[in-house]
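Q: I am new to this structure and would be grateful for a close look at a single part. Please describe one helix and its surroundings in a connected account.

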Amino acid sequence: MTDFTQIKLDIADGIATVTLHRPEKMNAFTRVMMDEFIAAMDITDADDSVRAVIVTGAGDRAFCAGADLTPEGGGHVFSDPNPVDDLSDQRVRDGGGRLTLRLFNSKKPLIGACNGVAVGVGITMQLPFDIRLCSDNARFGFVFARRGITPEAASSWFLPRLVGMQKALEWCMTGRIFDAQEALAGGLVRSVHPQGELMDAAVGIAREIADNTSAVSVAMTRAMLWRLSPLEHPMMAHRIDSRAIYRLSRGGDAKEGIASFLEKRAPQYPDTVSGDMPDFYPWWDEPGYE
């Protein structure tokens with residue numbers, strides 16, 4: 001497995017755990033962390049033994065305290081230091097967005113276990129997670145307007161879909177820090193837990209997925225819900241629903257799903273994400289940066 005320096009990746013019993021690991025800097029985000037996190041997603045997507053991915057931070061103070069404002073060697077904090085004339089130049093691309101777009105395309109469900117402070121990219125990177133839990137000492141902040149920049153990591157697309165436009169505008173325009181209970185009330189997190197119980201709760205959800213569901217069904221479901229819900233008409237969803245049901249109903253997992261239910265036993269799904277996704281997947285054209 002890749003030797004990472006700013007994250008840790010552990011895989012056991014069907015669950016992968018990605019830990020942001022810069023405890024001396026409250027797990028602050030860097031380009032190295034971005035590259036390593038993306039590489040970890042490539043590993044988990046390719047590993048059919050992985051059924052769910054949990055993401056957390058090292059220590060009990062911070063999930064990620066945002067971009068590292070004092071990077072080693074100095075340089076620009078929020079963007080590439082090289083001047084460019086063409087804004088479609090790849091060097092203009094936001095690092096947080098590179099990460100969230102990769103998370104968006106994950107074939108495995110992503111569960112966030114936010115174990116403390118999460119501000120700036122520390123919270124925007126969590127928006128593509130499918131389920132977010134937090135500890136009771138967690139603090140959140142979309143602080144960009146207080147740093148003289150704008151929301152990044154494609155959060156202007158993700159955040160309103162998760163919490164609604166009014167709450168997204170309030171949190172982003174004020175840039176204020178808010179606590180775990182406000183995050184829960186606003187729909188940003190699913191549940192709040194004592195610090196010592198957070199990972200057990202996250203593992204419980206991951207275990208529920210890993211032990212009871214078809215990997216192909218979950219991968220398709222994740223792509224369908226994220227990609228079809230913003231479209232302009234339900235017919236777009238109906239087309240993909242129909243194709244998915246038609247193909248998957250003829251696969252090994254559907255046969256096993258029915259048999260295990262009738263026989264009142266735990267399922268043993270034979271199909272894999274690497275080899276048995278339906279032939280029309282992916283059904284979309286992935287846009288490039290322009």
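A: The following account concerns one helix and one of the residues within it. The model is a predicted one, and the part chosen here is helix H10, which covers residues 252-262.

The two sides of the helix may be taken in turn. Asp-253, Glu-256 and Ser-260 are the buried residues of H10. When the helix is viewed down its axis, these buried residues fall within an arc of 60 degrees, so they line one face of H10. Helix H8, formed by residues 215-228, is included in what covers them. On the other side of H10 the exposed residues include Lys-255 and Ile-258, and Phe-261 and Leu-262 are likewise exposed there.

Among the buried residues, Ser-260 merits closer attention. Its relative accessibility is 5%; because buried means under 20% relative accessible area, Ser-260 counts as buried. A polar atom of the Ser-260 side chain lies 3.2 Å from the backbone oxygen of Gly-257. If neighbours within four places in sequence are left aside, the residues in contact with Ser-260 are Arg-265, Ala-266 and Pro-267.

The chain just after the helix completes the picture. There, Lys-264 adopts a positive phi of about 55 degrees.

In summary, H10 has a buried face that includes Ser-260, and exposed residues, among them Phe-261, on the other side.

Methods:
Residues are numbered from 1 along each chain as its sequence is written. This is a predicted model: local features need pLDDT of at least 70, side-chain atom pairs count only at pLDDT 80 or more; totals for chains, interfaces and linings use all residues. Side-chain values use heavy atoms; hydrogens and water are left out. Helices (H or I, at least four residues) and strands (E, at least two) are DSSP runs, numbered from the N terminus. Buried means under 20% relative accessible area, exposed over 50%, partly exposed in between (1.4 Å probe, protein chains only). A polar contact is a pair of N or O atoms within 3.5 Å; within protein, one must be able to donate a hydrogen and the other to accept it, and residues adjacent in sequence count only if both atoms are side-chain atoms. Contact means heavy atoms within 4.5 Å. The arc is that of the directions from the helix axis to the C-beta atoms.
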